[in-house]
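This report goes through one protein chain, from its overall figures to a few selected places. Keep the sequence and the 3D view at hand while reading.

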Amino acid sequence: MSDEIKKIDLESEDLVDDRLQQLKALMPEVFSEGGIDFDKLRLLLGDEVDEGDERYAFTWPGKADAIRQSQMTSTATLRPVVEKSRGRDGKDGSFDSDNVYIEGDNLEALKLLQRAYHGKVKLIYIDPPYNTGHDFVYKDKFGDTIENYKEQTGQTNQSNPETSGRFHSDWCSMMYPRLKLARELLSNDGVLTLSIGENEIGNALTICDELFGERNRIALFSRAMKSGGAKGTFYTPSVDYILFLARDVEAVKPFRAPFTEEQIKTFYKNTETKGPHAGELYGEERLFKASLDPRPNQRYYIQCPDSTFVIPPGPTLPQHLIEGETVLPTSQDKVWKWIYPRYKRELDAGRIVFKQTTSSGLVDQNGKQSTWNVYNKLYLNEQKEKGGVVPSNLLTQFENRQSSRELRALRIPFDYAKPVGLIRYLIQIIGVRSNEIVLDFFSGSSSTAHAALLQNVEDGIDRRFIMVQLPEVCESSSEAGRQGYSNLCEIGEERIRRAGDMIVEEVTEYNRQLKLGEEPKKLPDIGFRVFKLDESGIAEPKNGQLLVDRKKDGRSDLDIIFEVMLKWGYELTYPIEKTKFAGYRCYSVAAGDLICCMEPGLTVDALEAIAAEQPRRVFIMDSVFGNDDSLKLDALAIFKHVEEQTQQKIELRTV
């Protein structure tokens, strides 16, 4: 511990500095007093640098500012709005929930979340403005953050017409810094999914390839938005797209979709009659698939029940007529899906089926069409244990009209929301598990929160969500305005409440009708903590003036505590409790990991009692010390003594 109490850093995480520290740890020799020696860096990288005049580059007017926007730190904060919040049990005005709703500009919010949530988010789903030439509210101004946000709040008619030369540039400048910051929040096995329309699909792909790396682009799914109708000059637009991006594609588990009743009915239509799987449903899959590329060790003879031999089509045959005899395939040869040892294990286990047919794609030992097909059994229970089936990149079951029905059922006035079923499907195929976080920073009517709650009910686990939405004003003439909603955040928050109420009713009714031996459904955390973006609650001294109490007028203890938590890297849902040490009232955060002293009256006895609990961090407002320098010295001495005794560091900060 130093000989003076340090001030807490009121800025958000500096991602540029973090990158420099990582590079310094990896290649310290490229750093000198003047900064980075780029010539030496090039040498260490093998000098494989493209110096050509015609190198490929993706750029647009304003890209440099967009990059700087992502690098700027923020001195803003997120203020708790307890009266709008809801507890995990559905009680309004309670702050007991692991879910978060943020009212504010998502660029600032993403910066503020960096310290607490860096590398912790499993799934990000966003449905950003598609830039159709109409209203486009996200107008960033470089070097102007909170003031810009306040200016935008209430401006829903910032025109961005297609005739503007910056039509696509504005969209790229808006998305680039947000996607860059979002990537930093993803866990190592995390996935970002982005719904996107035709107008910006090209730019979205290029931006994401630049920020995530082409190798981390997992897929581009097509989704049927609607069926029928006749709109458009040359064609009827009926699809949009979902882009899947990995933080590290090597760490992402293969996607698996849940089985549908139709899939089970169509494929798993056989029942095993013997062996360890007796009574189980199974389907039959061909051992030869024409789409497979030639691979060594996968072209060999298989002997059929009538002693003839079969092999996938192709002119190259094994030298000897022996089962398992392999031959190296040429480009004209097809192969089995397994090598022979795997086939033999499946055969010995009774999982291979031979069927006679007149339409076999296989050939016999003479190169003529065989009368046999070979299949392997896939047991439904085993496939379910693997997590389901490999999903298709064409989604036809989540049309927009489903969302319209969902919103009508909740009596929520909103247009163009994505269907809840679509987002639930993303949660399922990506494999978001208990306590993992789903983030949506263009949350709109909170479809993503609704989807997470419904999925939690279905499988009985608690995923967490973070919603971020700019409080765009609802025009008084709109349906939302007529229903009393002043901004879009009020709509999103109310949807979560109504969805939670509906879940409580359904779970209660389900459990009421339980039969003997059936498991009751668990009620998930249906609450959410509301936070509002605002400027820092801690005043900065001006003109050399010393401020004893730096807490701004109108700010509560909780406002300051959450600001400290954000800047120190504590999650917004950690518990905060009032407590006492030697009669002194203070706050305990995260079960005593952080102690916050906000009130006058701090004593040496209280400091010793706090130190005895060995918190990792202690925050003390300057106003608590007042002009008593001796109490500051006592605090330093007390915590230093405990550190020496326990060898456990106690970080002490003030403002």
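The text below starts with the chain as a whole and then turns to one helix, two loop residues and a set of paired strands.

**The chain as a whole**

The model is predicted. Its chain contains 20 helices and 25 strands. Measured out along the principal axes, the box filled by the C-alpha atoms is roughly 100 × 65 × 65 Å. Of the 655 residues, 48% are buried. Among contacts with a separation of 6 or more, 71% are between residues 24 or more positions apart. The accessible surface is about 32,000 Å², and carbon and sulfur atoms hold 48% of that surface. As for charge, there are 85 positive and 104 negative side chains. The centres of these two sets lie 5 Å apart.

**Helix 14 and its surroundings**

Helix 14 covers residues 447–459, which makes 13 residues. How far apart are its end C-alpha atoms, and what span should the helix have? At 1.5 Å a residue the expected span is 18 Å, and the end C-alpha atoms are 19 Å apart, so the two values agree.

Most of helix 14 is covered, with 10 of its 13 residues buried. The buried residues are S447, T448, A449, H450, A451, A452, L453, Q455, N456 and V457. Which elements cover them? The cover includes three helices and three strands by name: helix 12 (400–410), helix 13 (420–430) and helix 16 (488–512), together with strand 6 (121–126), strand 18 (437–440) and strand 19 (464–469).

Just before the helix comes S446, placed in the loop between strand 18 and helix 14. Is S446 buried or exposed? Its relative accessibility is 0%, so S446 counts as buried. Apart from neighbours within four places in sequence, S446 is in contact with Y101, M467, G492, E493, R495 and I496. Two of the covering elements of helix 14 reappear here by residue number: M467 falls within 464–469, the range of strand 19, and G492 falls within 488–512, the range of helix 16. At the other end, helix 14 is followed by G460, which has a positive phi near 75°.

**Two loop residues with positive phi**

A582 and Q647 each have a positive phi without being glycine, as the table shows.

| Residue | Phi | Loop | Relative accessibility |
|---|---|---|---|
| A582 | near 50° | between strand 21 (576–581) and strand 22 (584–589) | 54% |
| Q647 | near 60° | between helix 20 (629–646) and strand 25 (651–654) | 70% |

Where do these residues stand on accessibility? Exposed means over 50% relative accessible area. At 54%, A582 therefore counts as exposed. At 70%, Q647 counts as exposed too.

**Paired strands**

Strand 11 (residues 281–286) takes part in two pairings, one with strand 10 and one with strand 16. Strand 10 (residues 270–271) is joined to strand 11 by two bridges, and these strands run antiparallel. In this pairing, T271 has L281 of strand 11 as its bridge partner. How many bridges pair strand 11 with strand 16? There are five, and strand 16 (residues 372–379) also pairs with strand 11 in the antiparallel sense. Here the bridge partner of G283 is L378, which belongs to strand 16.

How values were computed:
Residues numbered from 1 in each chain as written. Predicted model: local features only at pLDDT ≥ 70, side-chain atom pairs only at ≥ 80, totals over all residues. Heavy atoms only, no water. Helix = DSSP H or I, 4+ residues; strand = E, 2+ residues; numbered from the N terminus. Buried < 20%, exposed > 50% of the residue type's maximum accessible area, 1.4 Å probe, protein only. Contact = heavy atoms within 4.5 Å. Areas by Shrake-Rupley, 256 points an atom, 1.4 Å probe, with all protein chains shown as cover. Lys, Arg positive; Asp, Glu negative; His and termini not counted. Charge placed at Lys NZ, Arg CZ, Asp CG, Glu CD. Expected span 1.5 Å × (residues − 1). Pairing = 2+ DSSP bridges.
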